[in-house]
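Please work through the exercises below with the sequence and the model open side by side. Each one sets a task and is followed by a solution that goes step by step.

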Amino acid sequence: MASTNVEFRVGLVIVVGALILASSLYWLQGYKLERNAQAVSIRFDDVGTLSSGDKVTVSGVRKGRVDDLQLTAKGVLVRVLLYQDVVLHSDARFVIRNQGLMGERFIAIWPGEKPDTLDFNTVVPGEYDLGLPDVMGKLGDMVNELRNLVHTIRRTIGSDSM
């Protein structure tokens with residue numbers, strides 16, 4: 001009985017220690033980004049299921065995260081934190097993309113090629129890329145419209161022939 005109690009305590013200490021270590025590493029990673037970050041404000045018409053904390057990639061490399069989303073009269077204003085080593089040009093593109101089949105979102109940035117750099121104090125326009133879940137939803141709407149069309153054609157042809 002005493003052996004079981006000691007094993008339980010040791011196991012509990014190991015689990016709690018692992019949780020503290022994992023949460024500390026997660027917190028330190030976020031702290032490192034916030035301390036060494038440059039902010040970019042992007043305006044989107046639609047953000048889908050994008051939320052704070054979602055990843056931001058530059059040319060496919062993870063270089064930041066979504067910090068804040070605000071609904072405005074002109075769309076959704078998204079504040080993104082990027083590492084200081086990221087250099088964006090004035091023709092940079094910002095696209096909300098889909099990751100995986102479950103509809104997780106992230107922001108993909110193409111840094112651009114023009115010689116002048118992006119002014120981080122301006123709000124830049126962003127694009128929304130339809131992902132597989134969005135396309136499947138629109139496909140369902142299309143099937144319903146097709147059913148209605150077939151029903152109308154049958155009713156029209158059936159009434160003329162009788």
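**Exercise 1. Determine what share of the contacts with a separation of 6 or more joins residues 24 or more positions apart, and set this beside the overall make-up of the chain.**

Solution. In this predicted model, residues 24 or more positions apart account for 62% of the contacts in the protein chain that have a separation of 6 or more. The next step is the inventory of elements, which comes to 2 helices and 8 strands, arranged along the sequence in the pattern α-β-β-β-β-β-β-β-β-α. Turning to the surface, buried residues make up 23% of the 162 residues, and the chain exposes about 11500 Å², of which carbon and sulfur atoms supply 59%.

**Exercise 2. Work out the order of the strands in the sheet and identify the edge strands.**

Solution. The 8 strands form an open sheet with mixed pairing, and their order across the sheet is 7-1-4-3-2-6-5-8. The edges are strand 7 (123-125) and strand 8 (127-128), each of which pairs on one side only.

The pairings around strand 6 can then be taken in turn. Strand 2 and strand 6 run parallel and are paired over 3 bridges; within this pairing, threonine 57 has alanine 108 of strand 6 as its bridge partner. Strand 5, by contrast, runs antiparallel to strand 6 and is joined to it by 7 bridges, with phenylalanine 94 standing opposite isoleucine 109 of strand 6. Strand 5 also pairs with strand 8, in the parallel sense and over 2 bridges, where isoleucine 96 has tyrosine 128 as its partner in strand 8.

**Exercise 3. Establish how far strand 6 is enclosed, and describe the nonpolar core and the contacts of isoleucine 107.**

Solution. Begin with burial, for which the cut-off is a relative accessible area under 20%. Of the 7 residues of strand 6, 5 are buried, so this strand is largely enclosed by the rest of the structure.

Next comes the largest nonpolar core, which has 21 residues, and in which Ile42, Val78, Leu82, Leu88, Phe94, Ile107 and Ile109 have the most contacts. The elements that give two or more residues to this core are strand 1 (37-44), strand 2 (55-58), strand 4 (75-83), strand 5 (93-99) and strand 6 (104-110). Among the contributions, the largest share, 4 residues, comes from strand 4.

Isoleucine 107 may then be examined by itself. When neighbours within four places in sequence are left aside, isoleucine 107 is in contact with a list of residues that includes Ile42, Phe44, Leu50, Val66, Val78, Val80, Val95 and Ile96, together with Lys55, Val56 and Thr57.

**Exercise 4. Trace the salt bridges that involve aspartate 67, and then examine the one between lysine 63 and aspartate 85.**

Solution. A search of the whole structure finds 5 salt bridges. Aspartate 67 meets arginine 65 in one of them, at 3.5 Å from N to O, and arginine 79 in another, where the closest N and O atoms are 2.4 Å apart. The latter pair links distant parts of the chain, since arginine 79 is in strand 4 and aspartate 67 in strand 3, 12 residues apart. Taken together, Arg65, Asp67 and Arg79 are linked in a network of salt bridges.

The accessibilities of the three members are the next step. Arginine 65 is buried at a relative accessible area of 16%, whereas aspartate 67 is partly exposed at 23%, and arginine 79 is likewise partly exposed at 36%.

It remains to examine lysine 63, which forms a salt bridge with aspartate 85, the closest N and O atoms being 2.8 Å apart. Lysine 63 lies in strand 3 and aspartate 85 in the loop between strand 4 and strand 5, so this pair ties together parts that are 22 residues apart in sequence. Aspartate 85 is itself exposed, with a relative accessible area of 52%.

**Exercise 5. Locate serine 59 and glycine 64, and state what is recorded here for the backbone of the former and the surroundings of the latter.**

Solution. Serine 59 is placed in the loop between strand 2 and strand 3, and although serine 59 is not a glycine, its phi is positive, at about 55°. Glycine 64 is found in strand 3 (residues 61-72) and is buried, with a relative accessible area of 4%. Finally, glycine 64 and alanine 39 are separated by 25 residues in sequence, while their C-alpha atoms are 9.6 Å apart in space.

Definitions and conventions: Residues numbered from 1 in each chain as written. Predicted model: local features only at pLDDT ≥ 70, side-chain atom pairs only at ≥ 80, totals over all residues. Heavy atoms only, no water. Buried < 20%, exposed > 50% of the residue type's maximum accessible area, 1.4 Å probe, protein only. Core = buried A, V, L, I, M, F, W, Y, C linked by side-chain atoms within 4.5 Å. Contact = heavy atoms within 4.5 Å. Pairing = 2+ DSSP bridges. Areas by Shrake-Rupley, 256 points an atom, 1.4 Å probe, with all protein chains shown as cover. Salt bridge = Lys/Arg side-chain N within 4 Å of Asp/Glu carboxyl O.
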